[in-house]
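Morning, everyone. I'll take you through some backbone details, a helix pair and the pockets. Have a look at the structure before I start.

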Amino acid sequence: MATITLNNIAKNYGAVEVISGLDLDIFDGEFVVLVGPSGCGKSTLLRMIAGLESISGGDLVIDAERVNAKPPRDRDIAMVFQSYALYPHMNVERNMGFSMEIRKEKKSLKTDRVGKAATKLGLTPFLDRLPKALSGGQRQRVAMGRAIVRNPKAFLFDEPLSNLDAALRVGMRLEIARLHRELGTTMVYVTHDQVEAMTLADRIVVMNLGNIEQVGTPIELYEKPANLFVANFIGSPTMNIFDCSFANGGIILPNGTFLPLPAYAISDQQVSLGIRPEHIQIATNGPGQCQGEVEIVERLGSDTMIYTNVSGWGLLVTRLNGTMDIKIGDAIALAFDQPHIHLFNDTGAAIRVGV
């Protein structure tokens, strides 16, 4: 296992800066997930940790040793890529043990490690097969097995499930979570899929334009986003956000309704209010905070998503449990669960209760 420390890490391609002086501590045995939109720098950062990309500035420290100039083979890190990168002419057993073969390690040790990894990943019946005779999920498990056989200090995953269909993704996600629990090895995982991030991570690192926006546990990021970017990125459907104006002891909503929020110390004249879909209810008594016409209804079985067109606000998404007898065109009133309201100032930073 390993600790990985990034001190003011930067990456430039000529005059173009893609990673901007990042600081991050990844603890021994921790599962850290890097998330963000395409082009935010998450895969570049992972490749810098692996040694596949040079470091333009700062220090990369693994187990108290600066490794900026160390080649990938000497960092004792295994990487699993989005593409399986298996040797098509080698069977599963040889693919998994090939790194030990080229290091000329004992055949008995290789056989033992490959056998144990195959057992963990359910690959024992397929050891004699070529990659072309495997499903996508099986091939990805072979790629993971190849990494396990190396017995590295840390595992790096670069969007390993992107090529799999929805059902296989769920299964492989469970495999990776179980693997981390059994091995206890440090893992750094890159994905654009927030469901993977929320279900796998001990901590999530949200990146944007080469910077870290927020680091925290999945629940911390969901319940206490540091800014509008994180609030919009974490959660599906995304948080409802709209502009409001400050009033003494509360805010004025776009329809002119005054919403008292005495717990907040608001000094900005303009604020943004955010509320997640599950924290909006259909008002059964009174007008609620706003009224509108139902434009879209998504019936998902366990949940019903209602998209209400509110004049001057746009579409507000509401998540209700179970199935609801609501039709397109219905006029409804919506009420906000006030303890779950989020406020953001004019720079996008979160306004905390009492701050």
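Start at Asp76. Asp76 sits in the loop between strand S5 (65-66) and S6. Keep in mind that this is a predicted model. Asp76 is not a glycine, yet its phi is positive, about 55°.

Next backbone detail. Which peptide bond is cis? The one from Ser236 to Pro237, with omega near -5°. And where is Pro237? In the loop between helix H8 (228-233) and strand S11 (240-247).

Now the helix pair. Two packed helices are described by the angle between their axes and the distance between the axes. Take H2 and helix H3, residues 107-121. Their axes come within 10 Å. They cross at roughly 135°. That angle makes H2 oblique to H3. Left-handed or right-handed? The crossing of H2 and H3 is right-handed.

On to the pockets. Rolling a probe the size of a water molecule over the atoms shows where empty space is left.

The largest pocket holds about 590 Å³ of space. Its lining has 18 residues. Which of them lie nearest the centre? Ile77, Ala78, Met79, Ser99 and Arg150. Three elements give two or more residues to this lining: strand S6 (77-80), helix H2 (92-102) and helix H4 (136-149). So H2 comes up again, as a contributor to the largest pocket and as a partner of H3 in that oblique crossing. By class, the lining of the largest pocket has 13 nonpolar residues, 4 charged and 1 polar.

Then the second largest pocket. It has about 300 Å³ of space. The lining counts 17 residues. Closest to the centre are Glu223, Lys224, Pro339, Ile341 and His342. Helix H7 (218-223), strand S20 (342-344) and strand S21 (350-351) each supply at least two lining residues. Which element gives the most? S20, with 3 residues. The class split for the second largest pocket is 10 nonpolar, 3 polar and 4 charged.

Why does the second largest pocket lie between domain 1 and domain 2? Because domain 1 (4-232) and domain 2 (237-351) both give residues to its lining. Pro237, the residue after the cis peptide bond, is where the range of domain 2 begins.

That's my tour. Over to you for discussion.

How values were computed
Residues numbered from 1 in each chain as written. Predicted model: local features only at pLDDT ≥ 70, side-chain atom pairs only at ≥ 80, totals over all residues. Heavy atoms only, no water. 1 Å grid on protein atoms, 1.4 Å probe; cavity = no way out; pocket = protein on both sides within 12 Å on 5 of 7 lines; lining within 4 Å. Points joined across faces, edges and corners; volume = space filled by probe spheres on them. Helix = DSSP H or I, 4+ residues; strand = E, 2+ residues; numbered from the N terminus. Nonpolar A, V, L, I, M, F, W, Y, C, P; charged D, E, K, R; others polar. Domains from an automatic or database assignment. Axes fitted to C-alpha atoms, helices over the stretch in contact; angles between N-to-C directions. Parallel < 35°, antiparallel > 145°, perpendicular 65-115°, else oblique. Left-handed = near helix turned anticlockwise from the far one by under 90°.
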